[in-house]
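Work through these short exercises with the model at hand. Try each task before reading its solution.

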Amino acid sequence: MDVFKSEFIASSPNVKTCPNEFIPEYPFIGRSNVGKSSLVNSICNKKNLAKISGKPGKTKLINHFKINNSWYLTDLPGYGYANVSKTIKKNIDKLITEYFLNRKQIKLIFLIIDIRHKPLDIDLNFMSWLINQGKRFSVIFSKCDKLKNGKFNAQEYMLEVKKTFNENPKYFITSSKKKEGIEEILKHINSQNIL
Ligand code: GTP
Ligand code: MG
């Protein structure tokens, strides 16, 4: 699928104020700094559509981007960012939880994992929560340009997921820097859009 149009629609502080158009929606979620916003830019082939930063905690709101006039990508704040107050952390957790529980347009969730990391409790806990809520998700491993044996790491990670949850989500190995794995994600989204 070609992305011939991508536009920023809105930044929303909570799910109630998100755009109310009912079109398929694909959120990007994961720990802070894993490269969620960079992936949005790679998919849209634009440098600064979603704001990125070397410092964790850049994305603070729910950002909707409309693609090809027909579906949304959503860039969310990261969870698990240690360097903020308890109140801010609680607010981000609430925003994320309420978004996933109430946003009926969500077709499929993309959970972004930094390919360099072994399974971390915070990600496994989030996965467990999604599974318990009956939410469908795929995994995107990010920053594969930073690791030589990325494919092996991803396979090991997914074995652990299978062992822990008896689930076999689809996964993608990507680099926003090298623009790798992006076409596969778009293909997968395309296959979900047609129902
Ligand atoms: P928050 O909004 O803070 O939750 O972060 P985020 O997950 O949106 O991450 P963001 O896209 O802002 O990227 C964080 C940092 O990782 C930036 O310095 C990016 O340049 C870098 N980065 C993102 N993707 C890649 C990648 O594929 N390869 C490399 N080498 N760096 C990347
Ligand atoms: Mg971000």
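**Exercise 1. Find where Lys143 is placed, and state its phi.**

Step 1. Lys143 is found in the loop between β6 (137–142) and α4 (150–165). Helices (H or I, at least four residues) and strands (E, at least two) are DSSP runs, numbered from the N terminus.

Step 2. Phi of Lys143 is near 60°. That is a positive value in a residue other than glycine.

Before going on, note the ground rules. This is a predicted model, in which local features need pLDDT of at least 70, side-chain atom pairs count only at pLDDT 80 or more, and totals for chains, interfaces and linings use all residues. Residues are numbered from 1 along each chain as its sequence is written, chains are lettered from A and ligands numbered from 1 in the order in which they are written, and side-chain values use heavy atoms, with hydrogens and water left out.

**Exercise 2. Describe the surroundings of ligand 1.**

Step 1. Start with the residues. There are 21 around ligand 1. Lys36, Ser38, Thr59, Asp145 and Ser176 come nearest. A residue is near a molecule or strand if one of its heavy atoms lies within 4 Å of it.

Step 2. Sort the shell by class. It has three nonpolar, twelve polar and six charged residues. Here Ala, Val, Leu, Ile, Met, Phe, Trp, Tyr, Cys and Pro count as nonpolar, Asp, Glu, Lys and Arg as charged, and the others, Gly among them, as polar.

Step 3. Look at the polar contacts (pairs of N or O atoms within 3.5 Å; within protein, one must be able to donate a hydrogen and the other to accept it, and residues adjacent in sequence count only if both atoms are side-chain atoms). A polar side-chain atom of Lys36 lies 2.7 Å from an oxygen atom of ligand 1. Lys58 uses a polar backbone atom, 2.8 Å from an oxygen atom of the ligand. Asp145 places a polar side-chain atom 2.7 Å from a nitrogen atom of ligand 1.

Step 4. Check the cover. On its own, ligand 1 has 650 Å² of accessible area, and the protein covers 88% of it. Accessible areas come from the Shrake-Rupley method with a 1.4 Å probe; for residues, only the protein chains shown count as cover.

**Exercise 3. Is Thr59 buried or exposed, and which side chain does it contact?**

Step 1. Thr59 lies in the loop between α1 (36–44) and β3 (62–67).

Step 2. Its relative accessible area is 13%, so Thr59 is buried. Buried means under 20% relative accessible area, exposed over 50%, partly exposed in between (1.4 Å probe, protein chains only).

Step 3. The side chains of Thr59 and Ser37 are joined by a polar contact of 3.0 Å.

Step 4. Follow the contact to Ser37. Ser37 is in helix α1. At a relative accessible area of 7%, Ser37 is buried. A polar atom of the Ser37 side chain also lies 3.4 Å from the backbone oxygen of Lys51.

**Exercise 4. Why is α1 described as largely enclosed?**

Step 1. Eight of the nine residues of α1 are buried, so the helix is largely enclosed by the rest of the structure.

Step 2. Name them. They are Lys36, Ser37, Leu39, Val40, Asn41, Ser42, Ile43 and Cys44.

Step 3. Step past the helix end. Just after α1, Asn45 takes a positive phi of about 55°. Asn45 is in the loop between α1 and β3. Its relative accessibility is 63%, so Asn45 counts as exposed.

Step 4. Stay in that loop. Pro56 is found there too, between α1 and β3. Pro56 counts as partly exposed because its relative accessibility is 33%.

**Exercise 5. How far apart in space are the C-alpha atoms of Leu111 and Phe28, and of Pro24 and Ile106?**

Step 1. Leu111 lies in strand β5 (residues 109–114). Leu111 is buried, with a relative accessible area of 0%.

Step 2. Leu111 and Phe28 are 83 residues apart in sequence. Their C-alpha atoms are 6.1 Å apart.

Step 3. Pro24 lies in the loop between β1 (6–12) and β2 (25–30). At 19% relative accessibility, Pro24 is buried.

Step 4. Pro24 and Ile106 are 82 residues apart along the chain. Their C-alpha atoms are separated by 6.1 Å.
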